[in-house]
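Please open the structure in your viewer and keep the selection panel at hand. The stops below say what to select next and what is there.

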Amino acid sequence: MTTTVPNKDLQRKYDEERDKRLAARKSKDEDFVRIETIINPDELDPYKEVTPREPLHDDVEVTLLGGGWAGLMTAAELRKSDRQLRILDQAGDFGGVWYWNRYPGVMCDTASVVYMPLLEETGHKPTERYAHGPEIYAHAQRIGRHFDLYKDAYFHTRVTGLSWEEDIKRWRITTNRGDNFTSQFVSLGIGSLNVPRLPSFPGTMDYKGEWFHTARWDYNATGGSPDGAEMDKLSDKTVAIIGTGATAIQVVPELAKTAKKLLVIQRTPTSVDVRGNGPTDYEWWDELTSQEGWQQKVYDNFLDFVEEYKVGNYPSSDTVDLLSDGWTMNGRKLAHRLEAIEGDMTPEKFRSVLYQWDDEVQQSIRDRTDVEVEDKATADGLKAWYRAWCKRPGFHDEYLQTFNRDNVELVDTDGKGVERITENGVVIQGVEYPVDMIIYSTGFLYNRNASKDAFFDVIGRNGLKLRDKWNDGMLTYMGYFTHDFPNMFFQQSVQAAFLVSNVPQNFADGARVLRAVIDHTLDSGAEVFEPTQEAEDAWVDHLVENGTVADDPECTPGYLNGEGKREIGMAERRSVGFPAGKKAFFNHVRQWRADGRFTGLNFA
């Protein structure tokens with residue numbers, strides 16, 4: 001097999017599309033705002049009323065901030081050591097993003113068996129290859145019941161303060177419910193995509209019709225229900241959905257079924273490949289789950305095919321793919337190409353194969369668009385002109401076909417985005433589109449720095465604020481600990497595995513680390529664990545010197561590269577994962593935990 005350089009004509013097209021969007025952003029100075037800055041965060045739950053309760057004034061052993069996958073998986077692990085727990089969450093129940101995201105058509109985009117955690121422990125069999133939201137939300141509740149977590153959970157509770165008190169070796173926690181209590185240990189698991197964002201279009205608040213964000217779906221306005229009932233209030237309405245990312249490709253087919261007219265307003269198309277969803281094959285399931293520890297085996301196998309590929313770091317052709325989904329099949333194809341290289345693999349050969357593979361994958365998806373979409377102009381507008389790694393890949397079996405319906409219109413802004421919102425509708429390139437409803441499918445604030453994601457300050461030893469310490473990027477040891485913030489654990493992935501294709505997988509090993517560290521702290525008679533400054537410095541230096549920066553300035557603007565940020569600063573260089581790879585990181589922390597010495601931590 002011979003190698004080739006990247007297709008110059010194709011790269012030129014990619015550059016043109018990127019530059020077009022960068023120019024549009026600079027001319028409009030477009031930005032996004034948190035939805036809580038517009039709507040009172042204590043009034044944002046459309047699904048459940050707040051239940052009055054008495055404030056908490058006591059001391060607990062472990063407090064978990066967040067009741068999504070991070071909190072649930074950590075709590076389930078800590079149950080094994082019978083720790084006294086307290087779980088706080090702003091939502092009205094467990095589930096995190098699956099509590100809030102109840103828009104029609106919502107489903108996971110990695111296979112259910114690798115996405116839904118603790119299946120082995122709870123005995124749940126997903127009904128579909130890619131489960132829909134109601135089933136996933138129900139599974140979060142199932143985990144809560146299975147591990148008896150509801151008795152320790154306090155919902156509709158938003159933290160307002162978190163500070164370390166050195167004299168008593170405890171964290172002081174205050175909330176919007178009047179709580180003021182202390183906790184020996186705190187785990188912060190608030191997620192990286194938990195804050196809905198709204199674009200700051202001129203005139204946004206002037207609109208007189210009904211509007212909402214997909215993460216706070218208003219079924220009172222649309223009719224229907226999260227369980228799939230028909231949205232019968234849309235039959236006489238013209239609806240505009242703004243945004244065509246991962247959420248929109250699931251929502252658009254559902255809206256099109258009942259809306260009188262649906263305008264899909266697009267700045268940049270998503271690359272949408274086949275999803276191949278359907279009922280779970282239970283013969284396959286029985287074989288897959290026949291041995292104890294099967295879900296960990298699936299986790300490891302998934303990583304074999306979605307690793308960040310490097311020279312000498314890719315699966316061989318005889319590695320079995322247990323899932324055969326869009327993620328793993330693409331990885332498998334790339335691995336086969338790399339295996340076919342003659343002679344020693346060099347960085348130049350590797351890069352050449354990577355670009356050639358990307359050219360073919362992206363072109364095959366563009367070819368699919370021509371097959372599925374009848375109108376040529378619409379099909380051309382739906383084609384993605386960027387590298388596969390520039391945006392989260394999309395998979396769906398109905399999205400492209402939806403544009404063949406008479407009541408659906410693609411409004412492609414040619415990369416310029418929405419010009420402004422008026423009282424009656426949306427203005428795009430000087431043309432006003434009157435609409436009865438605007439739905440913002442504009443995603444979430446993608447935050448890789450937990451100190452800047454919360455509405456409260458985390459204050460450590462000697463009054464040091466975490467946001468000040470991390471002003472130029474995260475400073476951690478293994479992504480889990482940071483000096484001067486004793487007994488605090490970060491359940492996240494930056495400076496750790498940084499596995500973004502299947503987020504819950506990060507939390508499985510994180511939960512085991514926290515349990516082991518707390519057990520060691522208390523069993524040894526200590527009160528406090530904390531990373532040494534030397535260990536933290538060495539870890540961060542290693543990442544900066546050897547890590548692969550995800551913020552590719554050559555990509556079209558999007559949340560993965562800071563909306564087209566052209567300069568890579570220290571914060572971006574620190575926002576990386578373990579240089580040797582995701583699987584290597586998990587192996588590293590397992591060995592670190594099993595060793596029992598907890599190198600890099602001080603216990604006092």
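## A strand with two faces

Begin by selecting strand β3, residues 85-88, where L85 and I87 point one way while R86 and L88 point the other way, and where all of these residues are buried. As you look, keep in mind that this is a predicted model. In a regular strand the side chains alternate between the two faces of the sheet. Now add strand β2, residues 59-65, to the selection, since β2 and β3 pair in the parallel sense over four bridges. To find your place along this pairing, pick V62, which stands opposite L85 in β3.

## A covered helix

Next, select helix α2, residues 69-79, which is mostly covered, with eleven of its eleven residues buried. The buried residues of α2 include W69, L72 and M73, and also charged-letter positions that you can pick out by name, E77 and R79.

## The five-stranded sheet

In which order do the strands of the five-stranded open sheet lie? Show them together and you can follow the order β9-β18-β10-β11-β14, with parallel pairing. The edges are taken by β9 (210-213) and β14 (408-412), each of which has a single partner strand, so one side of each is left without a neighbour in the sheet. From one strand to the next, the twist averages 20 degrees.

Within this sheet, select strand β10, residues 238-242, together with strand β18, residues 437-440; the two run parallel and are joined by four bridges. A useful pair to label here is I242 and Y440, because I242 stands opposite Y440 in β18.

From β10, move on to G243, which is found in the loop between β10 and α8 (248-256). G243 is buried, with a relative accessible area of 15%, and, leaving aside its neighbours within four places in sequence, G243 is in contact with A248, I265 and S441. If you draw a distance from G243 to T270, you span 27 residues along the chain, and the C-alpha atoms are separated by 9.7 Å.

## An enclosed space

T270 leads to the next stop, as it is one of the residues that line the largest cavity. Rolling a probe the size of a water molecule over the atoms shows where empty space is left. A search of the whole structure finds two cavities of 30 Å³ or more, and the largest cavity has a volume of about 50 Å³. Select its lining, which is made up of T270, S271, V272, Q362, I365, R366, T369, L382, K383, A384 and L400. Which helix gives the largest share of this lining? That share, four residues, comes from helix α12, residues 347-372.

## The three-stranded sheet

Now turn to three strands that form an open sheet in the order β15-β16-β17, with antiparallel pairing. Here β15 (420-421) and β17 (431-434) stand at the edges, and each has a single partner strand, so one side of each is left without a neighbour in the sheet. Select strand β16, residues 425-428, along with β17, and you will have a pair that runs in the antiparallel sense over four bridges. Within that pair, I428 stands opposite V431 in β17.

## Single residues to visit

Is E17, in helix α1 (residues 8-28), buried or exposed? At 11% relative accessibility, E17 counts as buried, the cut-off being under 20%. The side chains of E17 and K20 are joined by a polar contact of 3.3 Å. Leaving aside neighbours within four places in sequence, E17 is also in contact with W385 and T556.

Go next to P315, in the loop between α10 (294-306) and α11 (326-339). P315 counts as buried at 8% relative accessibility, and its C-alpha atom is separated by 6.8 Å from that of F305, ten residues apart along the chain.

The last two stops concern backbone angles. D484 lies in the loop between α15 (466-469) and β20 (488-490), and has a positive phi of about 75 degrees although it is not a glycine. Finally, select F598, in the loop between α19 (582-595) and β22 (601-603); its phi is near 50 degrees, a positive value in a residue other than glycine, and F598 is buried, with a relative accessible area of 4%.

How values were computed. Residues numbered from 1 in each chain as written. Predicted model: local features only at pLDDT ≥ 70, side-chain atom pairs only at ≥ 80, totals over all residues. Heavy atoms only, no water. Pairing = 2+ DSSP bridges. Axes fitted to C-alpha atoms, helices over the stretch in contact; angles between N-to-C directions. Buried < 20%, exposed > 50% of the residue type's maximum accessible area, 1.4 Å probe, protein only. Polar contact = N/O pair within 3.5 Å; in protein donor to acceptor, adjacent residues only side chain to side chain. Contact = heavy atoms within 4.5 Å. 1 Å grid on protein atoms, 1.4 Å probe; cavity = no way out; pocket = protein on both sides within 12 Å on 5 of 7 lines; lining within 4 Å. Points joined across faces, edges and corners; volume = space filled by probe spheres on them.
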